[in-house]
Structures are given as structure tokens and as C-alpha cells.
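Here are my notes after a pass through the model, as numbered points. Have the structure open while you read.

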Amino acid sequence: DEEEENEEEDDDDMSTVMRLRTNLPWRACWKYLTSGGFSLLFLMIFSKLIKHAVFVATDCWLIVWTSTPDSQMNQTESLATGSTEMNKESFNQYVAVFSILSVTGIILCLVTSLTVEWMGFSAAKNLHHNLLNKIILAPISFFDTTPLGQILNRFSADTNIIDQHIPPALESLTRSTLLCLSAIGLIFYAIPKFIIALVPLLIAFYFIQKYFRVASKDLQELDDTT
């Protein structure tokens, strides 16, 4: 009877751990972001916003460039060759601004990538240091009640996720979010009636991601138990 009770308690503890691992609270996300340092967090957010602002400016400049009337481009047709010559000053101005925006966007892409990786490295180092200190300073009763495999899993699989998987996921999440917001903003600016179609799309997206999250949690539980 005592063994069965102990097994039930272990199962309850493991189910509690699995629930906490799958239902990730917001404070855990904030803990990870701030573990890399507030300065790096601010630099990452600022560089991301500036980078996507430059991307939007580049798209808007291309729209202005391609939608310029022929009369403003001061085109002159040559009857002998049948070719069209554009005003060199206007053309050089459009090319110069487009080149500056493109080079700025490339530099900001490099800065944001380095910032995310640097912040991920700092966060992983700080979290591993804190985890190691807590394990070393833990009382003997902690090792009597906590399975050794669970402790080793924290220093192997979980640490590998923090080191290898979270920084690329964070980069992809921020990039996709800002791209979606900028695209929705531009479409709404050009076509205000798009808000009518946006509402059902958001509702459909909510139910799709809710279904996907349930499947993702089940897969995560299977991965943790094997």
C-alpha cells in the first residue's frame, strides 16, 4: 500500500511538472528575456523596430518610384531609335534613396541577428549559473524527493533547448509578428475596408492556433516522458 501511494504521489508530481512545462507562464518568458540584460533587450526591440520601419520605407519608396507619372519623369522619345530616355537626375535620386534604404536594412538585419544571439548567450549563461548554484546549495531532502533523472534532464535537454532552440525561435517570432503587423498596417492604410475582412480572419486564426497549441502540448509531453 505504501509503495502504491508513493507511486501515485510520484505520478502526481510528474503530472504537475508536465503541466507547468506545457502551460508556460508569462513570468517565465519575462524571466528569460531579462536574464540576458535589460540593455540587450532594449537594443533588440529597438533594432527590430527600426529594421522593419526601414523595410516598410523601402516598399513605400518603390511604390512611389514605380507609380510616378511619365510626365514627371521627363521622358523624351527618340524617333530614330524608338527608345525612351529618363531624366538622369530623377532616376539617380530614386536609385540613391533606394540604395541607402537597402544597405541600411542589410546592416540592421546583421545587428538584430547578433543582438538576439548575444542576448540568448547571456541568458543561457546566467540561467545555467543560477540553476547550478541552486542545485549545489539545495538541502539533502531535495535529492531524496527529486528523481535524479529529472535533475539531469534540466542540465541536458532543457539547457540544450535554452542554448540552441529559444534564440532562433525568438528571432522567428519577432520577425513574423512585425512583418504581419507592418503588412496589415500598409493594407489598412491603402484599403480601409480591409478591416471588415480582418475580423473573421482573426477569429479563424484564434481557433487554428488553439487547436495547434493542444497538439503541440501533447507532443511536448510525449517528448518529455521519453
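1. Starting with the contacts: in the protein chain, 76% of those with a separation of 6 or more join residues 24 or more positions apart (contact means heavy atoms within 4.5 Å). Keep in mind that this is a predicted model, where local features need pLDDT of at least 70, side-chain atom pairs count only at pLDDT 80 or more, and totals for chains, interfaces and linings use all residues. Numbering runs from 1 along each chain as its sequence is written, and side-chain values use heavy atoms, with hydrogens and water left out.

2. The overall layout is seven helices and two strands, in the order α-α-α-β-β-α-α-α-α along the sequence. Both kinds of element are DSSP runs numbered from the N terminus (helices H or I, at least four residues; strands E, at least two). Of the 226 residues, 20% count as buried, where buried means under 20% relative accessible area, exposed over 50%, and partly exposed in between (1.4 Å probe, protein chains only).

3. Next, α2, residues 26–35. Its buried residues are Tyr 32, Thr 34 and Ser 35. Just after α2, have a look at Gly 37, which takes a positive phi of about 110°.

4. On to α3, with 29 residues. From first C-alpha to last, α3 reaches 42 Å, close to the 42 Å expected at 1.5 Å a residue (the expected span is 1.5 Å times one less than the number of residues). The buried residues of α3 are Leu 40, Leu 41, Met 44, Ser 47, Lys 48, Lys 51, His 52, Val 54, Thr 58 and Trp 65.

5. Which residues make up the largest nonpolar core? There are six: Leu 40, Leu 41, Met 44, Val 116, Met 119 and Leu 170. Two elements, α3 (38–66) and α4 (88–136), give two or more residues to this core, and α3 has the largest share, with three. The term covers a set of buried Ala, Val, Leu, Ile, Met, Phe, Trp, Tyr and Cys residues joined through side-chain atoms within 4.5 Å. As background, nonpolar side chains in soluble globular proteins tend to be buried together. Within the core, Leu 41 touches Met 119, and also Trp 30 and Leu 33, leaving aside residues up to four places away in sequence.

6. Lys 48 deserves a look. This lysine lies in α3 and counts as buried because its relative accessible area is 2%. Beyond residues up to four places away in sequence, Lys 48 touches Thr 112, Val 116, Glu 171, Thr 174, Arg 175 and Leu 178.

7. Thr 112, one of those contacts of Lys 48, is found in α4. With a relative accessible area of 1%, Thr 112 is buried. Its contacts, again without residues up to four places away in sequence, are Ser 47, Lys 48, Lys 51 and Glu 171. The C-alpha atoms of Thr 112 and Phe 46 are separated by 9.0 Å, with the two positions 66 residues apart along the chain.

8. Two more stops on α3. His 52 sits in this helix and is buried, at a relative accessible area of 6%; past four places in sequence, His 52 touches Arg 175, Leu 178 and Leu 179. Ala 57, also placed in α3, is partly exposed at 31% relative accessible area. From Ala 57 to Gly 105 is 10.0 Å, C-alpha to C-alpha, for residues 48 apart in sequence.

9. Now α6, residues 148–190. This helix has 43 residues and reaches 59 Å from its first C-alpha to its last, close to the 63 Å expected. At His 165, α6 bends by about 40°, and Pro 167 follows within four residues; the bend is the angle between axes fitted to the seven residues ending there and the seven starting there. Among the buried residues of α6 are Asp 158, Pro 167, Leu 170, Glu 171 and Leu 178.

10. Finally, the second largest pocket, with about 420 Å³ of space. Of its 13 lining residues, Leu 173, Ser 176, Thr 177, Cys 180 and Phe 205 are the closest to its centre. Both α6 and α7 (194–225) supply at least two lining residues, and α6 has the largest share, eight. On a 1 Å grid over the protein atoms alone, a cavity is a set of points where a 1.4 Å probe fits but cannot get out, while a pocket is an open set with protein on both sides within 12 Å along at least five of seven lines; lining residues have an atom within 4 Å of a point. Grid points are joined across faces, edges and corners, and the volume is the space filled by probe spheres set on the points.
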